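Here is a walk through one protein model, written for someone who would rather look at residues than at plots. Keep the structure open and follow along.

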Amino acid sequence: MDELSERKEPFFFLINFLMNEVRIFTKIEIENKALLIDFPNLTNVNYQHSTISDFEWKSFPEILEDYKKGFEFVQENLRKGNSYLTNYTTKTEIETNLSIDDIFKFSKAKYKVLVPDEFVFFSPETFVEIVDNKIFTHPMKGTIDAEIEDAENILKNDPKEKAEHYTVVDLLRNDLSMVADNVQVKEFQRIDYIQTKQKNLLAMSSEIEGLIKPEYRNKIGTILQKLLPAGSILGAPKPKTLEIILEAEQYERGFYTGIAGYFDGKNLDSCVMIRFIEKENEKLFFKSGGGITHQSDLFSEYEEMKNKIYVPIY
């Protein structure tokens, strides 16, 4: 990735959660549709954004008692001070009359990718952008059902959601400082509306920016290696929290919560691979979760994990 970015050659990439699998796609592979991409600054699909009148959708989340085992393991580590924010996720079987190709075609999101016969994601969350040697990140932490009365104020002022958001903003501010100077929080606790057929949500984001240090310019691979795994889907501090996640979660995340991105020869746009459906032995699985702090309530976190099992098709 460093070599390609130093040569200013465009490429698309996928990096899995554990950073032990990296797939790089050249301009020719993108044009030949080795995977389907619909990003703000890159698309290799010609479809019109169609609508679908109705579709079947059932999810089979793990029962509360099973979720509780991992949740309590995370909480125990939080109490011991091994972590102060841990992103705990699960894998849920879903049944739908839509294929992953249909989900890619009909869903509406800022970032969409289909890896044929493997997985699809429709992510609202930017990871990092690089524009003219400035680097930006937009951590998204905190969601609430948009139909709740006064939902925006509740989300912004909920002690647990605030603690989680502040922690991630601070973590990513520190992360950016490894590769950039003059790092600043430019926008704090912005509320975005996410519309879906199942449930409309409000999500809370912030924006952090800095100027890339001279030694990291045109080195996309090195920058990402420094910043990954993404703090918003891991937690803090990173090394110990990763150990906790690997023990608490009873499945492999794979590319879920990894990073996808496009370097156009000059600038970079990348996203976190959340809102993620994987095909496995002809079955479909939706991977979802949320940040756990010492203030987290078991039932609320379980409900948040289930709330995120949706497709933005409406």
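Let's start with Lys226, which is partly exposed because its relative accessible area is 38%; here buried means under 20% relative accessible area, exposed means over 50%, and partly exposed is anything in between, worked out with a 1.4 Å probe on protein chains only. This is a predicted model, so local features need pLDDT of at least 70 and side-chain atom pairs count only at pLDDT 80 or more, while totals for chains, interfaces and linings use all residues. Residues are numbered from 1 along each chain as its sequence is written, and side-chain values use heavy atoms, with hydrogens and water left out.

**Two helices that meet**

You'll find Lys226 in helix α7. Helices here are DSSP runs of H or I with at least four residues, strands are runs of E with at least two, and both are numbered from the N terminus. Setting aside neighbours within four places in sequence, Lys226 is in contact with Met178, Val179 and Tyr216, where contact means heavy atoms within 4.5 Å. Lys68, in turn, sits 158 residues from Lys226 in sequence and 33 Å from it in space, C-alpha to C-alpha.

How do you describe a pair of packed helices? By the angle between their axes and the distance between the axes. For α6 (residues 159-179) and α7 (residues 220-227), the axes come within 9 Å and cross at roughly 145°. The axes are lines fitted to C-alpha atoms, for helices over the stretch in contact, and angles run from 0 to 180 degrees between N-to-C directions. On the α6 side the contact is made by Asp175, Leu176, Met178 and Val179, and on the α7 side by Ile223, Lys226 and Leu227. Sorted by class, that makes 5 nonpolar, no polar and 2 charged residues; Ala, Val, Leu, Ile, Met, Phe, Trp, Tyr, Cys and Pro count as nonpolar, Asp, Glu, Lys and Arg as charged, and the others, Gly among them, as polar.

Helix α6 has 21 residues and spans 31 Å from its first C-alpha to its last, close to the expected 30 Å. That expected span is 1.5 Å times one less than the number of residues. Buried residues of α6 include Lys160, Glu161, His165, Asp175 and Val179. Glu164 belongs to α6 too, and Glu164 counts as buried because its relative accessible area is 1%. Leaving out residues up to four places away in sequence, Glu164 touches Leu85, Lys141, Gly291 and Thr293.

Back in α7, there's Gly221, which is buried at 18% relative accessible area. Gly221 touches Met1 and Asp2, again not counting residues up to four places away in sequence.

**Pairs across the chain**

Here are some C-alpha to C-alpha separations.

| Pair | Apart in sequence | Apart in space |
|---|---|---|
| Glu164 and Ser296 | 132 residues | 9.7 Å |
| Gly221 and Leu4 | 217 residues | 9.2 Å |
| Pro61 and Phe127 | 66 residues | 27 Å |

Pro61 is in the loop between β5 (57-60) and α3 (64-79), and at 23% relative accessibility Pro61 is partly exposed. Beyond its neighbours within four places in sequence, Pro61 is in contact with Thr92, Tyr302, Met305, Lys306 and Ile309.

**The cores**

In soluble globular proteins, nonpolar side chains tend to be buried together. In this model the largest nonpolar core has 55 residues, and those with the most contacts inside it are Phe12, Leu14, Phe39, Phe121, Phe127, Ile135 and Leu224. A nonpolar core is a set of buried Ala, Val, Leu, Ile, Met, Phe, Trp, Tyr and Cys residues joined through side-chain atoms within 4.5 Å. Leu224 touches Met1, Phe13, Ile15, Phe127 and Val128, not counting residues up to four places away in sequence. A second, separate core of 31 residues includes Val45, Val74, Phe104 and Phe122.

**Backbone oddities**

Most residues other than glycine have a negative phi, and most peptide bonds are trans. Met19, though not a glycine, has a positive phi of about 60°, and Met19 lies in the loop between β1 (11-15) and β2 (22-26). Asp117, also not a glycine, has a positive phi near 65° and lies in the loop between β7 (111-115) and β8 (119-123). A cis peptide bond joins Leu228 and Pro229, with omega about -5°, and another cis bond joins Ala236 and Pro237, with omega about -10°.
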